[in-house]
Amino acid sequence: MKPIFRVAVIEVTRLLALAAGATSAFLLTAFSISLINIPYSLIYGPLPLEEWQVTALAVAIAVAPAVFVAYVPSFAASGFDIRLSARRLSQREKNLVAKVEKVLQARAEETGIKLPQIVWRVQDIGEINAMAYAHNRVCFTKGILHKYGDTQAGIERLAGVAAHEIGHLRNWDTRINMLLHYLTLPVNFGIGLANATINRIPIIGLIFTLATVVFRLPCDIAHFLNGSTSQFQEYQADRFAARLMNGVGLSEFLDELTHQDDRQGDTFTAWMMRSHPPTELRHDELAKTSN
């Protein structure tokens, strides 16, 4: 698929995913307000609000977490640091990553590509990997830092991998994931509230349990839609890395990952579950962009 059509598919799918996530958040927020209103109305009487005001309140509460992190993304980034067990760099790691940054900056000046301000993190796991998240985080595993270490070839590989992750940041892949995560919070709260209250009532609880399942369905669809373009997003991040690094670093890293494509076999199910495209096809993409 041509890059322009790939980007179009990604953007349209994102809009649909965000709309579905917001719909689910609204439905379960409105449901939560109705549940809370039951004991309130028994004690104090009906809510002193018009129906449209209740709807507006439900919409505001439903999207409030996502809107907040959209304007204050550092809050979400810190939360993801904790969730992913990602820590700040040690002095030795800072020295190594500074050399990686120097390579990236030199390539950015040469190509005219503006790099975002990156906050670097490390995961204390032996897996050879890296990831981007929130609005400005690029995280190396300790395994990849130890594997490549402080050598010229190793620094180039780390720079190539980092360029790919920066591509995810530049393409807003990580921001969309962040927004969908925070749209899910009202959904989970509504389901938790229902399960703790009305869903416990025999027979009636079954009806409302089915209602919560239906209300959650748009949220599940949102995450499915977002995940359905993950391979396209990987290709686009590879294209950015290829433009920035001219294929240096990432291509060599992919060579070392080629054997992992065979771990789950070549079944249709394994192919459908891949979040990353086959390495050989990523090589083709890198070669086309670099040339």
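In which strand is the place of arginine 121? Arginine 121 sits in strand S2, which covers residues 119–123. The model examined here is predicted. Arginine 121 is buried in this model, with a relative accessible area of 16%. Its contacts, leaving aside neighbours within four places in sequence, are Asp81, Ala86, Arg87, Arg88, Leu89, Tyr133, Arg137, Val138, Cys139 and Phe140.

One of these partners, alanine 86, belongs to strand S1 (residues 86–87). Alanine 86 counts as buried, at 11% relative accessibility. Residues up to four places away in sequence are again not counted in its contacts. On that basis alanine 86 touches Asp81, Arg121, Val122, Gln123, Tyr133 and Cys139. Alanine 86 also has a spatial relation to aspartate 124. The two residues are 38 apart in sequence, and their C-alpha atoms are 7.6 Å apart in space.

Cysteine 139 touches alanine 86 and is in contact with arginine 121. Its relative accessibility is 1%, so cysteine 139 counts as buried, the cut-off being 20%. Cysteine 219 counts as buried as well, at 2% relative accessibility. A search of the whole structure for disulfides returns zero.

The chain as a whole was then described. The protein chain holds 12 helices and four strands. Its C-alpha atoms fill a box of roughly 70 × 45 × 35 Å along the principal axes. The protein chain has 291 residues, of which 43% count as buried. Contacts with a separation of 6 or more were also sorted by sequence distance. Of these, 75% are accounted for by residues 24 or more positions apart.

Helix packing was examined for H3 and H7. Helix H3 spans residues 73–83, and helix H7 spans residues 173–196. They pack at an angle of about 85 degrees, with axes 11 Å apart. The angle falls in the range of 65 to 115 degrees, so H3 is roughly perpendicular to H7. On the H3 side, the contact is made by Pro73, Phe75, Ala76, Phe80 and Arg83. Met178, His181 and Tyr182 contribute from H7. By class, the residues of this contact divide into six nonpolar, one polar and one charged.

Aromatic pairs come to a count of six. One of them joins phenylalanine 68 and phenylalanine 75. Their ring centres are 5.3 Å apart and their planes stand at 75 degrees. The pair is therefore edge-to-face, as the angle is over 60 degrees. Phenylalanine 68 is partly exposed, with a relative accessible area of 39%. Phenylalanine 75 is partly exposed too, at 47%.

Phenylalanine 80 and tyrosine 182 form another edge-to-face pair. The distance is 6.5 Å centre to centre, with 85 degrees between the planes. Phenylalanine 80 lies in helix H3 and tyrosine 182 in helix H7, so this pair ties together parts that are 102 residues apart in sequence. Both residues also appear in the H3 and H7 contact. Phenylalanine 80 is buried, with a relative accessible area of 11%. Tyrosine 182 is buried as well, with a value of 10%. Elsewhere, ring pairs link Phe31, Phe208 and Phe215 into a cluster.

Backbone geometry was considered at two loop positions. Alanine 134 has a positive phi of about 55 degrees, although it is not a glycine. Alanine 134 lies in the loop between strand S3 (130–133) and strand S4 (137–141). Its relative accessible area is 1%, so alanine 134 is buried. Isoleucine 203 is likewise a residue other than glycine with a positive phi, near 65 degrees. The loop that holds isoleucine 203 runs between H7 and helix H8 (204–228). Is isoleucine 203 buried or exposed? Isoleucine 203 is exposed, because its relative accessible area of 71% is over the 50% cut-off.

Methods. Residues are numbered from 1 along each chain as its sequence is written. This is a predicted model: local features need pLDDT of at least 70, side-chain atom pairs count only at pLDDT 80 or more; totals for chains, interfaces and linings use all residues. Side-chain values use heavy atoms; hydrogens and water are left out. A disulfide is a pair of cysteine sulfur atoms within 2.5 Å. Buried means under 20% relative accessible area, exposed over 50%, partly exposed in between (1.4 Å probe, protein chains only). Axes are lines fitted to C-alpha atoms, for helices over the stretch in contact, and angles run from 0 to 180 degrees between N-to-C directions. Angles under 35 degrees count as roughly parallel, over 145 as roughly antiparallel, 65 to 115 as roughly perpendicular and the rest as oblique. Contact means heavy atoms within 4.5 Å. Ala, Val, Leu, Ile, Met, Phe, Trp, Tyr, Cys and Pro count as nonpolar, Asp, Glu, Lys and Arg as charged, and the others, Gly among them, as polar. Rings of Phe, Tyr and Trp (its six-membered ring) pair if their centres lie within 6.5 Å; planes under 30 degrees apart count as stacked, over 60 as edge-to-face and the rest as tilted.
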